[in-house]
Amino acid sequence: MLNKVVLAAVAIAGSLSMAALAQQQAPPPPPPGYPQAGYPQQQQQGYPQQPGYPQQPGYPAQGQPPYGQPPLLAPQQLDQLVQRIALYPDPLLAQVLTASTFWNQIPDAATWIDQHNYLRGDELSRAIYEDNLPFDPSVLALLPFPSVLDTMARDPGWTQAMGSAVLAQRPEVMDAVQRMRQVAMNYGYLQSNGDYRVMVGGPGDIEILPINSGLIYVPYYDPLVVFAAPRRGFYIGSAISFGPGIFVGAFAPFGWAGPTLAWRTHEIFIDHRPWARTWVNRGTYAHSYAVPVPRAAGPRVERHESREYREHR
(Lines give C-alpha, C1' and ligand atoms only; values in the text may rest on other atoms or scores of the structure.)
Protein backbone atom coordinates (compact mmCIF):
# COMPACT_ATOMS: atom_id res chain seq x y z
CA MET A 1 0.00 0.00 0.00
CA LEU A 2 2.83 2.29 0.88
CA ASN A 3 4.46 1.67 -2.52
CA LYS A 4 1.29 2.74 -4.36
CA VAL A 5 1.17 6.04 -2.45
CA VAL A 6 4.84 6.77 -3.25
CA LEU A 7 4.35 6.00 -6.96
CA ALA A 8 1.33 8.29 -7.14
CA ALA A 9 3.24 11.16 -5.51
CA VAL A 10 6.13 10.74 -7.96
CA ALA A 11 3.74 10.81 -10.92
CA ILE A 12 2.07 14.02 -9.72
CA ALA A 13 5.46 15.72 -9.18
CA GLY A 14 6.61 14.73 -12.67
CA SER A 15 3.46 16.16 -14.23
CA LEU A 16 3.95 19.48 -12.44
CA SER A 17 7.63 19.65 -13.57
CA MET A 18 6.70 19.03 -17.22
CA ALA A 19 4.03 21.76 -17.10
CA ALA A 20 6.49 24.28 -15.64
CA LEU A 21 9.11 23.42 -18.28
CA ALA A 22 6.56 23.88 -21.05
CA GLN A 23 5.70 27.34 -19.77
CA GLN A 24 9.38 28.37 -19.80
CA GLN A 25 10.04 27.12 -23.36
CA ALA A 26 6.95 28.63 -25.01
CA PRO A 27 6.31 32.17 -23.73
CA PRO A 28 3.12 33.83 -24.86
CA PRO A 29 3.34 35.86 -28.12
CA PRO A 30 3.78 39.64 -27.81
CA PRO A 31 0.67 41.76 -28.07
CA PRO A 32 -0.27 43.01 -31.55
CA GLY A 33 1.75 46.01 -32.76
CA TYR A 34 4.64 45.47 -30.36
CA PRO A 35 7.91 46.19 -32.15
CA GLN A 36 10.50 43.48 -32.46
CA ALA A 37 13.46 43.88 -30.15
CA GLY A 38 16.42 45.68 -31.73
CA TYR A 39 14.53 47.01 -34.80
CA PRO A 40 12.70 50.33 -34.77
CA GLN A 41 9.15 50.25 -35.96
CA GLN A 42 8.90 51.33 -39.61
CA GLN A 43 6.07 53.25 -41.17
CA GLN A 44 4.73 51.83 -44.39
CA GLN A 45 5.41 54.82 -46.63
CA GLY A 46 7.73 53.37 -49.25
CA TYR A 47 11.25 54.61 -49.81
CA PRO A 48 11.89 58.05 -48.34
CA GLN A 49 12.36 60.84 -50.83
CA GLN A 50 16.02 61.49 -51.46
CA PRO A 51 17.05 65.08 -50.69
CA GLY A 52 18.29 66.93 -53.76
CA TYR A 53 19.99 70.25 -54.14
CA PRO A 54 18.19 72.88 -52.08
CA GLN A 55 16.07 75.29 -54.09
CA GLN A 56 17.73 78.67 -53.94
CA PRO A 57 15.55 81.77 -53.61
CA GLY A 58 15.54 83.98 -56.64
CA TYR A 59 14.74 81.31 -59.24
CA PRO A 60 11.61 82.42 -61.09
CA ALA A 61 8.20 80.81 -60.73
CA GLN A 62 8.95 78.81 -57.60
CA GLY A 63 6.16 80.06 -55.34
CA GLN A 64 6.68 81.60 -51.94
CA PRO A 65 10.27 82.30 -50.84
CA PRO A 66 11.56 79.97 -48.10
CA TYR A 67 12.84 82.77 -45.91
CA GLY A 68 12.57 86.49 -45.44
CA GLN A 69 14.62 89.39 -46.65
CA PRO A 70 18.32 89.21 -45.70
CA PRO A 71 19.79 91.72 -43.25
CA LEU A 72 20.60 95.03 -44.88
CA LEU A 73 24.29 95.78 -45.29
CA ALA A 74 25.95 98.89 -43.94
CA PRO A 75 27.68 101.32 -46.34
CA GLN A 76 31.13 100.03 -45.37
CA GLN A 77 30.04 96.45 -46.07
CA LEU A 78 28.60 97.44 -49.44
CA ASP A 79 31.80 99.28 -50.34
CA GLN A 80 33.78 96.11 -49.76
CA LEU A 81 31.20 93.99 -51.60
CA VAL A 82 31.27 96.00 -54.83
CA GLN A 83 35.02 96.66 -55.03
CA ARG A 84 35.79 93.83 -57.46
CA ILE A 85 33.25 95.09 -60.04
CA ALA A 86 33.02 98.84 -59.32
CA LEU A 87 35.38 99.73 -62.20
CA TYR A 88 33.60 97.59 -64.77
CA PRO A 89 32.20 99.64 -67.66
CA ASP A 90 28.56 100.54 -67.09
CA PRO A 91 27.06 98.12 -69.67
CA LEU A 92 28.96 95.13 -68.26
CA LEU A 93 28.28 96.20 -64.68
CA ALA A 94 24.55 96.34 -65.42
CA GLN A 95 24.67 92.73 -66.66
CA VAL A 96 26.66 91.54 -63.63
CA LEU A 97 24.29 93.19 -61.17
CA THR A 98 21.18 91.69 -62.76
CA ALA A 99 22.72 88.25 -63.32
CA SER A 100 23.85 88.05 -59.69
CA THR A 101 20.19 87.98 -58.65
CA PHE A 102 20.03 84.53 -60.30
CA TRP A 103 23.06 83.32 -58.36
CA ASN A 104 21.88 79.69 -58.37
CA GLN A 105 22.23 79.60 -62.19
CA ILE A 106 25.78 80.97 -62.33
CA PRO A 107 27.71 77.68 -61.69
CA ASP A 108 25.91 75.79 -64.46
CA ALA A 109 26.33 78.69 -66.86
CA ALA A 110 30.06 78.85 -66.09
CA THR A 111 30.37 75.10 -66.68
CA TRP A 112 28.58 75.33 -70.03
CA ILE A 113 30.72 78.15 -71.35
CA ASP A 114 33.88 76.40 -70.16
CA GLN A 115 32.89 73.40 -72.28
CA HIS A 116 32.17 75.67 -75.27
CA ASN A 117 35.02 78.15 -74.88
CA TYR A 118 36.06 77.67 -78.52
CA LEU A 119 32.89 79.48 -79.72
CA ARG A 120 32.79 83.18 -80.48
CA GLY A 121 30.28 85.74 -81.72
CA ASP A 122 27.52 84.40 -83.95
CA GLU A 123 28.59 80.78 -83.37
CA LEU A 124 28.23 81.19 -79.62
CA SER A 125 24.88 82.92 -80.00
CA ARG A 126 23.63 80.09 -82.22
CA ALA A 127 24.83 77.45 -79.76
CA ILE A 128 22.92 79.17 -76.95
CA TYR A 129 19.73 78.83 -78.99
CA GLU A 130 20.44 75.28 -80.16
CA ASP A 131 21.17 73.96 -76.68
CA ASN A 132 17.99 75.50 -75.28
CA LEU A 133 19.80 76.81 -72.21
CA PRO A 134 17.41 77.29 -69.27
CA PHE A 135 19.14 80.33 -67.77
CA ASP A 136 17.62 83.76 -67.39
CA PRO A 137 18.64 86.16 -70.21
CA SER A 138 20.62 88.21 -67.69
CA VAL A 139 22.81 85.14 -67.13
CA LEU A 140 22.96 84.33 -70.84
CA ALA A 141 24.28 87.86 -71.38
CA LEU A 142 27.45 86.93 -69.47
CA LEU A 143 28.26 83.83 -71.54
CA PRO A 144 30.45 85.90 -73.91
CA PHE A 145 32.49 86.84 -70.80
CA PRO A 146 33.76 83.52 -69.42
CA SER A 147 36.26 85.18 -67.08
CA VAL A 148 33.47 87.15 -65.40
CA LEU A 149 31.28 84.06 -65.03
CA ASP A 150 34.23 82.10 -63.68
CA THR A 151 34.90 84.76 -61.06
CA MET A 152 31.28 84.67 -59.94
CA ALA A 153 31.11 80.86 -59.92
CA ARG A 154 34.33 80.46 -57.91
CA ASP A 155 32.98 82.65 -55.12
CA PRO A 156 29.29 81.71 -54.78
CA GLY A 157 29.05 83.33 -51.36
CA TRP A 158 30.04 86.70 -52.80
CA THR A 159 27.72 86.25 -55.79
CA GLN A 160 24.73 85.45 -53.59
CA ALA A 161 25.52 88.35 -51.26
CA MET A 162 25.72 90.67 -54.26
CA GLY A 163 22.47 89.38 -55.73
CA SER A 164 20.67 89.69 -52.41
CA ALA A 165 21.91 93.25 -51.99
CA VAL A 166 20.82 94.19 -55.52
CA LEU A 167 17.35 92.82 -54.81
CA ALA A 168 16.96 94.28 -51.33
CA GLN A 169 18.86 97.59 -51.47
CA ARG A 170 19.75 98.49 -55.03
CA PRO A 171 20.11 102.28 -54.48
CA GLU A 172 22.65 101.66 -51.73
CA VAL A 173 24.57 99.22 -53.94
CA MET A 174 24.79 101.76 -56.74
CA ASP A 175 25.88 104.46 -54.28
CA ALA A 176 28.64 102.14 -53.05
CA VAL A 177 29.87 101.70 -56.63
CA GLN A 178 30.03 105.47 -56.99
CA ARG A 179 32.00 105.84 -53.77
CA MET A 180 34.56 103.31 -54.96
CA ARG A 181 34.83 104.97 -58.37
CA GLN A 182 35.40 108.32 -56.70
CA VAL A 183 38.18 106.84 -54.56
CA ALA A 184 39.89 105.28 -57.59
CA MET A 185 39.58 108.57 -59.47
CA ASN A 186 40.98 110.59 -56.58
CA TYR A 187 44.08 108.37 -56.50
CA GLY A 188 44.49 108.68 -60.27
CA TYR A 189 43.74 105.07 -61.19
CA LEU A 190 40.39 105.64 -62.89
CA GLN A 191 40.80 107.75 -66.01
CA SER A 192 39.81 107.71 -69.65
CA ASN A 193 41.83 105.68 -72.14
CA GLY A 194 41.61 104.55 -75.74
CA ASP A 195 38.75 102.16 -75.01
CA TYR A 196 36.67 103.94 -72.35
CA ARG A 197 35.55 107.41 -71.40
CA VAL A 198 35.25 108.28 -67.73
CA MET A 199 32.56 110.95 -67.51
CA VAL A 200 31.60 112.86 -64.37
CA GLY A 201 28.03 114.14 -64.45
CA GLY A 202 28.09 115.43 -60.90
CA PRO A 203 28.36 114.04 -57.36
CA GLY A 204 27.57 110.34 -57.37
CA ASP A 205 27.41 110.20 -61.17
CA ILE A 206 30.66 108.81 -62.56
CA GLU A 207 30.09 106.85 -65.78
CA ILE A 208 32.50 104.44 -67.46
CA LEU A 209 31.36 104.13 -71.06
CA PRO A 210 32.96 102.23 -73.96
CA ILE A 211 34.00 104.36 -76.89
CA ASN A 212 32.56 101.67 -79.17
CA SER A 213 29.28 100.60 -77.59
CA GLY A 214 29.45 97.19 -79.28
CA LEU A 215 32.95 96.38 -78.05
CA ILE A 216 33.46 95.59 -74.36
CA TYR A 217 36.78 95.14 -72.58
CA VAL A 218 36.89 93.47 -69.16
CA PRO A 219 39.13 95.37 -66.72
CA TYR A 220 41.40 93.45 -64.36
CA TYR A 221 42.67 95.10 -61.18
CA ASP A 222 43.50 94.48 -57.56
CA PRO A 223 41.05 96.25 -55.22
CA LEU A 224 43.80 96.47 -52.60
CA VAL A 225 45.76 98.61 -55.07
CA VAL A 226 43.28 100.84 -56.91
CA PHE A 227 41.34 101.86 -53.80
CA ALA A 228 44.42 102.84 -51.81
CA ALA A 229 46.95 105.63 -52.09
CA PRO A 230 49.68 104.75 -54.62
CA ARG A 231 53.10 103.86 -53.29
CA ARG A 232 56.04 106.10 -54.03
CA GLY A 233 57.37 105.37 -57.50
CA PHE A 234 54.40 103.17 -58.46
CA TYR A 235 53.25 103.60 -62.08
CA ILE A 236 49.51 104.23 -61.82
CA GLY A 237 48.88 103.29 -65.45
CA SER A 238 49.79 99.64 -64.75
CA ALA A 239 47.17 99.14 -62.02
CA ILE A 240 44.33 98.34 -64.43
CA SER A 241 44.72 96.03 -67.42
CA PHE A 242 42.17 94.88 -69.98
CA GLY A 243 41.38 91.59 -71.68
CA PRO A 244 40.62 91.25 -75.38
CA GLY A 245 37.66 93.17 -76.76
CA ILE A 246 34.41 91.23 -76.99
CA PHE A 247 31.80 92.14 -79.61
CA VAL A 248 28.30 91.98 -78.12
CA GLY A 249 26.20 92.74 -81.19
CA ALA A 250 25.25 89.07 -81.68
CA PHE A 251 23.86 88.94 -78.14
CA ALA A 252 21.32 91.76 -78.40
CA PRO A 253 18.42 89.37 -77.56
CA PHE A 254 20.20 88.50 -74.30
CA GLY A 255 20.13 92.05 -72.97
CA TRP A 256 22.93 93.69 -74.95
CA ALA A 257 20.58 96.05 -76.78
CA GLY A 258 21.32 99.05 -74.61
CA PRO A 259 22.25 98.08 -71.03
CA THR A 260 22.77 101.27 -69.03
CA LEU A 261 22.80 102.56 -65.46
CA ALA A 262 20.92 105.68 -64.35
CA TRP A 263 23.01 106.68 -61.36
CA ARG A 264 20.92 109.62 -60.15
CA THR A 265 17.65 107.66 -60.13
CA HIS A 266 19.27 104.33 -59.13
CA GLU A 267 17.80 102.46 -62.08
CA ILE A 268 19.19 99.64 -64.20
CA PHE A 269 18.12 99.56 -67.82
CA ILE A 270 18.38 96.33 -69.80
CA ASP A 271 17.30 96.42 -73.43
CA HIS A 272 16.16 100.03 -72.87
CA ARG A 273 13.69 98.90 -70.19
CA PRO A 274 13.92 99.47 -66.41
CA TRP A 275 14.91 96.32 -64.53
CA ALA A 276 12.26 95.99 -61.81
CA ARG A 277 13.26 92.75 -60.11
CA THR A 278 13.27 93.10 -56.31
CA TRP A 279 13.43 90.85 -53.28
CA VAL A 280 9.63 90.81 -53.02
CA ASN A 281 8.79 89.90 -56.62
CA ARG A 282 11.85 87.78 -57.41
CA GLY A 283 9.74 84.61 -57.66
CA THR A 284 7.47 86.00 -60.38
CA TYR A 285 9.25 88.87 -62.15
CA ALA A 286 10.14 88.38 -65.81
CA HIS A 287 11.94 91.23 -67.52
CA SER A 288 10.46 92.49 -70.78
CA TYR A 289 12.89 92.25 -73.68
CA ALA A 290 12.41 93.87 -77.08
CA VAL A 291 13.38 90.55 -78.68
CA PRO A 292 12.22 87.82 -76.27
CA VAL A 293 14.49 84.82 -75.95
CA PRO A 294 12.59 81.77 -77.26
CA ARG A 295 12.21 78.93 -74.79
CA ALA A 296 11.32 75.36 -75.75
CA ALA A 297 8.71 73.57 -73.67
CA GLY A 298 10.85 70.54 -72.86
CA PRO A 299 14.07 70.12 -70.89
CA ARG A 300 17.41 71.31 -72.15
CA VAL A 301 18.84 69.21 -74.97
CA GLU A 302 22.54 69.36 -75.83
CA ARG A 303 22.44 69.86 -79.59
CA HIS A 304 25.82 71.49 -79.97
CA GLU A 305 29.02 69.54 -79.58
CA SER A 306 30.84 70.29 -76.36
CA ARG A 307 34.58 69.98 -75.92
CA GLU A 308 36.62 69.69 -72.77
CA TYR A 309 39.71 71.38 -74.17
CA ARG A 310 40.58 74.86 -75.29
CA GLU A 311 41.43 75.34 -78.94
CA HIS A 312 44.35 77.57 -79.78
CA ARG A 313 43.69 80.18 -82.39
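In the predicted model, Ile-270 stands opposite Arg-273 of strand E9. This pair belongs to a region in which strand E8, spanning residues 267-270, is joined to E9 over two bridges in the antiparallel sense. The wider arrangement is an open sheet of three strands, ordered E7-E8-E9, with antiparallel pairing. Strand E7 (260-262) and strand E9 (273-274) form the edges of this sheet, each of them pairing on one side only. In general, the strands of a sheet pair through backbone hydrogen bonds, in either a parallel or an antiparallel manner.

The sheet is also met by a helix from an earlier part of the chain, namely H3, which comprises residues 90-100 and lies across E7 and E8. Relative to E8, helix H3 runs at about 100 degrees.

With respect to internal space, the structure holds one cavity of 30 Å³ or more, and the volume of the largest cavity is about 30 Å³. The lining of the largest cavity consists of Arg-84, Ile-85, Tyr-88, Val-96, Val-148, Thr-151 and Met-152. When these residues are grouped by class, five are nonpolar, one is polar and one is charged; Arg-84 is the charged member of the lining and Thr-151 the polar one. Helix H7, which covers residues 146-154, makes the greatest contribution to this lining, supplying three residues. Val-96, also among the lining residues, falls within the range of helix H3 (residues 90-100), the helix that lies across E7 and E8.

Conventions. Residues are numbered from 1 along each chain as its sequence is written. This is a predicted model: local features need pLDDT of at least 70, side-chain atom pairs count only at pLDDT 80 or more; totals for chains, interfaces and linings use all residues. Side-chain values use heavy atoms; hydrogens and water are left out. Two strands pair if DSSP finds at least two bridges between them. Helices (H or I, at least four residues) and strands (E, at least two) are DSSP runs, numbered from the N terminus. Contact means heavy atoms within 4.5 Å. Axes are lines fitted to C-alpha atoms, for helices over the stretch in contact, and angles run from 0 to 180 degrees between N-to-C directions. On a 1 Å grid over the protein atoms alone, a cavity is a set of points where a 1.4 Å probe fits but cannot get out, and a pocket is an open set with protein on both sides within 12 Å along at least five of seven lines; lining residues have an atom within 4 Å of a point. Grid points are joined across faces, edges and corners, and a volume is the space filled by probe spheres set on the points.
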